[in-house]
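Trainee: I've never looked at this one before. Could you walk me through it, a question at a time?

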Amino acid sequence: MNAATQAMLEKARRFLPNGTLGNISDEILLSRGRGSRVWDSDDREYIDYLLGSGPMLLGHAHPEVLQAVREQLEEGLTFFALNEKAILLAEQIVDAVPCAEKVRFTSSGTEATLYALRVARAATGREKILKFEGGYHGMHDYSLMSLRPPRASDYPKPIPDSRGIPRGVEQSVLVAPFNDLDLAASLIEDHRADLAAVIVEPLQRILPPAPGFLEGLREVTSAHDVALIFDEIVTGFRLALGGAQAYYGVVPDITTLGKVIGGGFPLAAVAGSARYMAEFDASLSDSALVQIGTLSGNPVAAAAGLAAIRVLKRSGTYERLHEISKAIGSALKSAASDLGIAAHVVGEGPAFDLVFADEPPKNYAEVLASDSQLAARFAKGLRSHGVLKDSKFYVSTAHTESDVEATAIAASKALTDITR
Ligand SMILES: Cc1ncc(COP(=O)(O)O)c(C=O)c1O
């Protein structure tokens, strides 16, 4: 590590709690990115599967996104008022995402899921929500319930993930294990008089939905007029242009989007059917939801998102993205099997991980039972061999065959180091 990097990390420790932004804790200072690669402040190059935690679906510094941003910068950075780029982005979202009839922009995914839950409560007049153990919906009080519990929850009682959350929040959140339709359905039926919404990541972190799980949730929520919310902040525009709801063919009432739609800038959204989105409409009711954000629909972020979507819409994009993702997954799996290590590639298309377990996990409890220490050592080993990942592999349209080959070599070396 060079002296300038060391000095900067010392400064980080002085001015930032834990010397970090709260995201990745390990010491790494990234200074630039291009395509599928990033460089740290020592000018070490990495194949990047972190991708800014997902937004960089086109890779870093995509020329068409940069051009759109440059043009918008000349016109103005933010207006608070209605602006053309935000309207055009809303149009693209409504065109692409099956459940979206209207869109309300926010700056972060955390805000988007908070408002999605509020909309559901307002529309149904009920207060409780059901979420799934291990499901990530940002950092607000309702989402930090059984996100990363140290043990399986005593369903449906949630385990708060953080100090500082009022006790009352626990009473309005129910928790169920992902992929157990019978248990979720019976909780929905038992609590139907108080239940406003079921919120789910259709691909929970890396766990694909079991056949019939999302369809079953759709059926039972519709039967009891409970709002079904798909949190598509990861999967939106990543699994397919229409997100997981298009990919799996199950349409929720409300969805949350983030990451890709801001093209690398802070932007997220709540979108949904006209019935639910009417809750935001002050022209329809004196008691419409209050929701304001200084940077909501920021034109620079919207211009970047629009440019990203324009590129993603080109024919063959998603086919290539899924193909290259599959090749990377197979390379990781082979590296493990060649060394006799029990591991499985778990995920969907361009969002997956190598899980060290005898069987692929189907829910949070099974993820908890996998070898997380080996996974952490593998991620660290990959980094020392020039591959950057955090809790999963995010793949971009900029990754190439040569990235696949280099990843395979790095994975073999990292796993060899571990097993030595
Ligand atoms: C599924 C999901 N929901 C919500 C969020 C929160 O988004 P943000 O970090 O923009 O607040 C994330 C962030 O990773 C996410 O993956």
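Trainee: Let's start with the ligand. Which residues surround the ligand?

Mentor: Keep in mind that this is a predicted model. Going along the chain, the early part of the shell has Ser108, Gly109 and Thr110, then Tyr136, His137 and Gly138. The ligand is also surrounded by Glu201, Arg205, Asp231, Ile233, Val234 and Lys259.

Trainee: And by class, how many residues in that shell are nonpolar, polar and charged?

Mentor: Ile233 and Val234 are among the residues around the ligand, and so is Lys259. Sorted by class, the shell comes to 3 nonpolar, 5 polar and 4 charged residues.

Trainee: How much of the ligand's accessible area does the protein cover?

Mentor: Look at the contacts to begin with: a backbone N or O atom of Gly109 is 2.8 Å from a ligand oxygen, and a polar backbone atom of Tyr136 is 3.3 Å from a ligand nitrogen. Lys259 uses a polar side-chain atom, 2.8 Å from an oxygen of the ligand. On its own the ligand has 390 Å² of accessible area, and the share covered by the protein is 80%.

Trainee: Over to the surface, then. Is Phe15 buried or exposed?

Mentor: Phe15 sits in helix α1, residues 3-15, and forms a nonpolar surface patch with Leu16 and Leu21, about 340 Å² of accessible area together. Its relative accessible area is 54%, and the cut-off for exposed is over 50%, so Phe15 counts as exposed.

Trainee: Now the salt bridges. How far apart in sequence are the parts that Asp253 and Arg218 tie together?

Mentor: Side chains of opposite charge can pair when their charged atoms come close. The structure holds 13 salt bridges, and one of them joins Asp253 and Arg218 at 3.0 Å, N to O. Asp253 lies in the loop between α8 and β9 while Arg218 is in helix α7, so the parts they tie together are separated in sequence by 35 residues.

Trainee: What about Lys389 and Asp353: how many residues apart are they?

Mentor: Their side chains meet in a salt bridge, 3.1 Å from N to O. Lys389 is in the loop between β13 and β14, and Asp353 is in strand β12, so this pair links distant parts of the chain, and the separation is 36 residues.

Trainee: Last one: is Arg420 buried or exposed?

Mentor: Arg420 forms a salt bridge with Asp417, with the closest N and O atoms 3.9 Å apart. Asp417 has 38% relative accessibility and counts as partly exposed. Arg420 has 77%, so Arg420 counts as exposed.

Key:
Residues numbered from 1 in each chain as written. Predicted model: local features only at pLDDT ≥ 70, side-chain atom pairs only at ≥ 80, totals over all residues. Heavy atoms only, no water. Near = heavy atom within 4 Å. Polar contact = N/O pair within 3.5 Å; in protein donor to acceptor, adjacent residues only side chain to side chain. Areas by Shrake-Rupley, 256 points an atom, 1.4 Å probe, with all protein chains shown as cover. Nonpolar A, V, L, I, M, F, W, Y, C, P; charged D, E, K, R; others polar. Patch = residues over 30% accessible without salt bridge, like charges linked within 9 Å, V, L, I, M, F, W, Y side chains within 5 Å. Salt bridge = Lys/Arg side-chain N within 4 Å of Asp/Glu carboxyl O. Helix = DSSP H or I, 4+ residues; strand = E, 2+ residues; numbered from the N terminus. Buried < 20%, exposed > 50% of the residue type's maximum accessible area, 1.4 Å probe, protein only.
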